[in-house]
Structures are given as structure tokens and as C-alpha cells.
Amino acid sequence: MKNILNILKHDSRKLTSSVVAIITIMGLCIVPCLYAWFNIFSNWAPYESDATGRIRVAVANDDLGDRVLGLDINVGEKIVEALKANDAIGWEFVENSDDAVEGVYSGDYYAALIVPEDFTMDALSFATGELKNPKLIYYENEKKNAIAPKITGKAKTAVQEQVNAAFIETLAKYVSDAASVADAAGYNPQTVFADLGTKMDNLNARLEDAAVMLRATQGLADSAASLMSVSDQLLEDAETAVGSQEAIVDSASDALPDTGTIDEEAVSAIEKEKQQLIEDNKAIREHIAKASESVSDLNKYVADQLPDDSLLIDKMIQSCKQHEKHLTDLGFTALAAQFRDTRTELEGVQEKLREQKKTTQDKWDEKSQELKELQEKLDKIEEKTNAIDSQLAEDLGKKLDNVITRARSSMSDAESALADMQGDLSGLESILSGYSSALDELEGSLNSTGLTLNYIRNGIGTLAELFNRIAGNQSLKDVNDVLVNDEASVAEYLASPVKMKTEVIYPVREYGSAMAPFYTVLAQWVGALLTAVLIKTNIRKRDDLPDLRLHECFFGRYALYLFVGLAQALIVSVGDLLYIGIQCPHPILFVLQACMNGIVFMMINYALVFSLENVGLGAGVIILVLQVAGSGGTYPVEVLPKVFRVLYPAMPFRYSMDAMRECIAGTYGHVYAKCMGILFLFFAGSAVFGMLMRKPASFLNRMIAESKEKTEIML
């Protein structure tokens, strides 16, 4: 601690011994404050009418007006009158729209508002039955200034609201004038509604008599319709029965196969099965013949081919069994017997094959005899398969064709008889249907007429009751009196029927006061950065301080930085309060926060330059730029790009501005203390970073310094 104080005393003597050093320190303390004050002044009240009233916007009224019910109306003139009373924008009223538009292009005006020729006609289009929205034409120059279109845009919205209000006010005035004329002519609304109520009651009574006669006619029509319905139902049942039989016959006829093709299909199926049996039998015979040549051939057959031949025999047996069953069911037993005999022989072969096993040479003679017998059985199967008579299959096809032909002829006769019966029933039903349709139409017309009469009677009764109530209602008289005698109140109410009450939380009087935290914090950071540029962080070795440790060097020179930072903080914060006059219900906390900002900002920039030298200066500038763009000082952080939203929690500006806003607009909970605590963490973290990175970065700093020195240009 002693060495740190000695360093501070030495630095103080050096500074006070030089006029240039004193002027430099004074500049470091004052110049950043001027930056803050000028910006706060320039943003003091940019959206107030005193400022926005100097923004020139041209207005041209080309509206030709219109005549409705004998009254001359020009809504465009009302708009111009309303704008002349509006000082929120510097309205410039020009002769025609061409001059206004040309002024926007040339930059003489920020914007132009044009009332077109047909504005009043479109506004009153409801009177002709064609609804058209009247349109104002608005020209805007976005090149002239970035913020001006936002201000004129708000004025544009305000103009639209004023136009709507002026339009409604104009209509209300003319309605009130019409009511005054009617009242002067002796048209009393209560008398008119009383007469209407009496006439509605008389009409309702006559409609009741017509409804009674209509209900009597409906009764007669219902009786006739019931009789026709019973007759029609009987005919429907008979026709349905005939139709069902006809459908059954058609279905059976469609199900019969075509003649002339059944014999080909039957022969083809039998020939195909016969040929397959012969081919499969031949394959097994070849395998057995090969196995009969030697013991090794037999053993190989048993191991490799015997299982497949056994499965093939099973397949042949099943095929013969199926054909045998089908032919037996059709009554062709001879052909079925041929397939049965073949199946029997195949079953014998299957039994012999299952007995085959591997053998040795001493048993070969016995096995050779068995294989010979098996070959004989296979030869016999081939003979029986070839004996299957295809001609019998042909006879089968012809018999089936004869049966189908006779069945089709019988079904055709049945269809003709049913068709004749269906025709007779359809003729009778058509006659009854004509009578029934006529009755249905009559009944529908009577029902429709009855419903219409009921609707009319109900509506007229409701109108009569309504007119009678209105005629005796005092409110009607009051409304008429208001329309005749108080047109201004009616116009004001219709122009703005709903009022909005706004409760401002944490109100701030001036826009400059709201921006003071940002510009104050920004000025303090700039002051800290300039201090790091102008005051060295390195301490030369001296005889009175031979052995300085790292933390003594660090905090010894930081003491000078701290002095400058506190001086900047006091000047800028007190100037904000007394010179600028910002809103601040907690001035002591505001000054205290400014001092905290100076301590922390000086530490951050000092630590960066102490450890990284020139690189640290660049880092300080980069951190400044990021915080100016993304700390939420001007725009809400939610509308900024994602990179700034991610970095936002790590920006010191955020917590400094939040704490100052607490002082300016009002405190909430522990927000102020929380911000102070987080800033202290920035202070501690920066101090640790500066001392830890000093030695690791020394080599890099030396290389950069040597490289700059070689240029003979850079400091």
C-alpha cells in the first residue's frame, strides 16, 4: 500500500509541474462532459410541437366538393381548416398538387398531403348506394432525413384521425340542419311514429283473417294427400317385389359362364395337369436311374436329392387329389378314377422313397433291386398318366355348355315376363304420381303462403309495438331536441365516441431526460478511453522504488486514472442536474452512480491497455462501438439483431443506464443495488484480467511495438 501511495504522489508532482499536463488533465475531465451535454440538448424535445412545427409539409386541396339533398358539401375545406389549427407540423398550404409534389422531390418539403378532386364524392358515396373509401394521397421524402419520415408518419396518422373526425362532424352538422328544417315544418317525430303504429295494427288484423282461410284449405289438401299416399305405397310394394325378382334373375343370368368356351377351358386345364405330372415323374425317374449306377451315387442321392423328390411327389399327390374331387363333384367318375389310380401309384412311390437310406458295398445288390422296383413303379405311373382320356374332358365341356344354354334360355323367358309386369305397375304408378305431385305442389304453396303470412304478421306486430312505444317515449323527444338545438355536442360525440385514459408509469417530462443516461454513460466511457490513450500505464523504475510488485504497479498508476474518472463523473452528473436541468428525483443516487461508472469504466480500459497495450486500446474502441449499437440506449434491445441481444447481458452500459434510469424516472425494488453489484463484478474481473495477462502478453506487445517502430511513422 505504501508503494501505491508513493506512485500516486510522484504522479501528482509530475502533473502539477507541467502546464501542458495540467491542461491535458483538465481537457480529459471537461471534453467528455461537453459531448454528453450537447447530445442531451439536441434531443431535449425533438417530438414536441415546438420542434416538429418547423418540419415543412405541403398541403394541397383539389377537392371539388359535392351537392347532397340541396346542400353544398366540401370535406376537403374542412380538412384544411383542421390542419390550420394544428401546429404539430409546419403545414405549408400551396395552390395545387403539382407544386406540392415538386417541392417533395426538390427537398423543399419533407412530405406532401393531397386532397384529390373526388374526395367529397367518395366520402358521401353511401348516399348513392355505392360505398367508396375516400383516399388522401401522401407523398414522403425518405432521402432527406432518416428520422423525419417517422415524425411526419405520426403526423399522417394524426391527420387521418382528424379527417375522420371532421367528416363525421360535417355529417352530424348536416343531419342536425335537416332535423331543424323538419321541426320548423311541423314534423313531430312522436306524431309520425304514432300514426305508423295505428296503421300497422289495422294491417295486422286483416292478415289474421287471411290466415284463417288458408288453414281451412290446408286441411282439405292434407286429406287428399293421405289417400294418395296409401295407394302409392301399395303400388310401391308390388313394384319393389317384382324388381327384386327381376334383379335375382339378372344376377343368376350374369353368373352363368359363356357357352363355347367351357370345353376349351376344361380341356386346357386337364392337359396342363397331365403334362405337369409327366414332367415331374420323368425328373424323378432320371434321379433314380442316376442313383442306381453305384453305391456312391446312391448315397449322394439320399443326401442331396431325395428330400426334394419327396416334396415333389407330395405335390403331385395333392394335385391328383384335387382333380379327383372336382370331377367327382361334377359327376364324371371315370375321369376321376384315372386321377385316383395315378394318386395311388404315387403314394406307393412316396413310401419307397422314404425307405431309401445310405448303404454300403456289401448291401448294394439288395439296394440295386429296390431301385429297380422303384423305377418300374415310376414307369407304371407314366403309363397311367398318359392314359388320362382328354376326349372325356371334351365330352365334359360339351355337357356343361348344353346345361348352361338351357338355363340361359329359361332365365330369358323369366326376365320377359317380369319386365311386362313391371311396365304395367310403372304405368299405374305414373298416373298416381301425377296426382300426388299436384297435391304436393298445392300443399307446398299453401305452407309457403302460411309461413309468409306468419312472418309478415309477426313483423308488422313488432313494428306496431315498436312505433307505439317510440311515440310515447320521452327519449325520442330528447334526441330530437339535441339534434335541433345542440349540433356541436352531437358532432363532437360522433367524431370521438370513445376516449382513452392513459396512466403513465414512471413518467419522464422531456425526451432529453430520458436520453440522459445513455449520453452520460457514453461520455464517461469515451473519457476513460481518451485517458488510456493520453496517460501511460507503465511505470519507470526509480531509485526510491527499486522493487515494485505487479499489483503495486497496477494499482499505483490506476490511482491516477481513478482521480480523472471521478472528476469526469462529478462534472458530467452535476452538469446534467444543474446546467441541463434533467428530471431527477434522486440526485444523490444519480451522482453516486456516475462515480461508480467512472471507477468501473476506467478500470476496464486501464486493464486492457495495461495488459495488452495497443491491442487493448483497439479492444476498448470495439467494446465502445458494440455498446453504442447494442446496449439499448436508443432503441429497445428486442428490436436489435440477434448478435446484440446475445451480447447485451455482458455490456456494462446496460447496468449503468438502468441504474441512472432508476434515479431519473423512479426506483423499483432493488434494481439500483443490483446494477451497482454487477458493475462491481466488472471492476473486479477487469483488475484480475489486467494483472494475469500482463506477462503472457508481454512478448506480443513487444513484437507489435518493434514492428510499429520500424515503420518510422506510427507512434
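**Helix packing and residue environments**

Mentor: Helix α18 (residues 550-580) and helix α19 (residues 587-612) have axes that come within 7 Å and cross at roughly 145°. This is a predicted model, in which local features need pLDDT of at least 70, side-chain atom pairs count only at pLDDT 80 or more, and totals for chains, interfaces and linings use all residues. Residues are numbered from 1 along each chain as its sequence is written, and side-chain values use heavy atoms, with hydrogens and water left out.

Trainee: How do you know the angle and the distance between the axes of α18 and α19?

Mentor: Each axis is a line fitted to C-alpha atoms, for helices over the stretch in contact, and the angle runs from 0 to 180 degrees between N-to-C directions. The value of roughly 145° for α18 and α19 is read on that scale. Two packed helices are described by the angle between their axes and the distance between the axes.

Trainee: What makes a segment such as α18 a helix?

Mentor: Helices are DSSP runs of H or I with at least four residues, strands are runs of E with at least two, and both are numbered from the N terminus. The protein has 24 helices and six strands.

Trainee: Is the crossing of α18 and α19 left-handed or right-handed?

Mentor: The crossing of α18 past α19 is right-handed. That label applies when the near helix is turned clockwise from the far one by less than a right angle, whereas an anticlockwise turn gives a left-handed crossing. The contact of α18 with α19 involves 24 nonpolar, four polar and two charged residues. Here Ala, Val, Leu, Ile, Met, Phe, Trp, Tyr, Cys and Pro are nonpolar, Asp, Glu, Lys and Arg are charged, and the others, Gly among them, are polar.

Trainee: How is the packing of α17 and α19 described?

Mentor: Their axes are 9 Å apart at an angle of about 35°, and α17 also passes α19 in a right-handed crossing. The contact of α17 with α19 has ten nonpolar, six polar and no charged residues.

Trainee: Why is Thr-531 called buried?

Mentor: Buried means under 20% relative accessible area, exposed means over 50%, and partly exposed lies in between (1.4 Å probe, protein chains only). Thr-531, in helix α17, has 0% relative accessibility and therefore counts as buried. Beyond its neighbours within four places in sequence, Thr-531 contacts (heavy atoms within 4.5 Å) Leu-28, Tyr-561, Val-564, Gln-568 and Met-602.

Trainee: Why is Leu-566 called partly exposed?

Mentor: Leu-566, in helix α18, has a relative accessible area of 27%, so it falls in the middle class. Its contacts, not counting residues up to four places away in sequence, are Cys-595 and Ile-599. The C-alpha atoms of Leu-566 and Cys-29 are 8.9 Å apart, with their positions 537 residues apart in sequence.

Trainee: Why is Asp-280 called buried?

Mentor: Asp-280 has a relative accessible area of 10%, and so meets the buried criterion. Asp-280 is found in helix α9 (residues 262-291) and, leaving aside neighbours within four places in sequence, is in contact with Leu-312 and Met-316.

Trainee: What makes the pair Glu-510 and Ser-513 a polar contact?

Mentor: A polar contact is a pair of N or O atoms within 3.5 Å; within protein, one must be able to donate a hydrogen and the other to accept it, and residues adjacent in sequence count only if both atoms are side-chain atoms. The side chains of Glu-510 and Ser-513 are joined at 2.8 Å, and the pair therefore qualifies. The side chains of Glu-510 and Arg-509 also make a polar contact, at 3.1 Å.

Trainee: Is Glu-510 buried or exposed?

Mentor: Glu-510 counts as buried because its relative accessibility is 16%. Glu-510 is placed in the loop between α16 (487-495) and α17 (511-534).

Trainee: What makes the phi of Tyr-506 notable?

Mentor: Most residues other than glycine have a negative phi. Tyr-506 is not a glycine, yet its phi is positive, about 55°. Tyr-506 is in the loop between α16 and α17 and is partly exposed at 39% relative accessibility. Glu-613 also has a positive phi of about 55° without being a glycine, and is placed in the loop between α19 and α20 (614-630).
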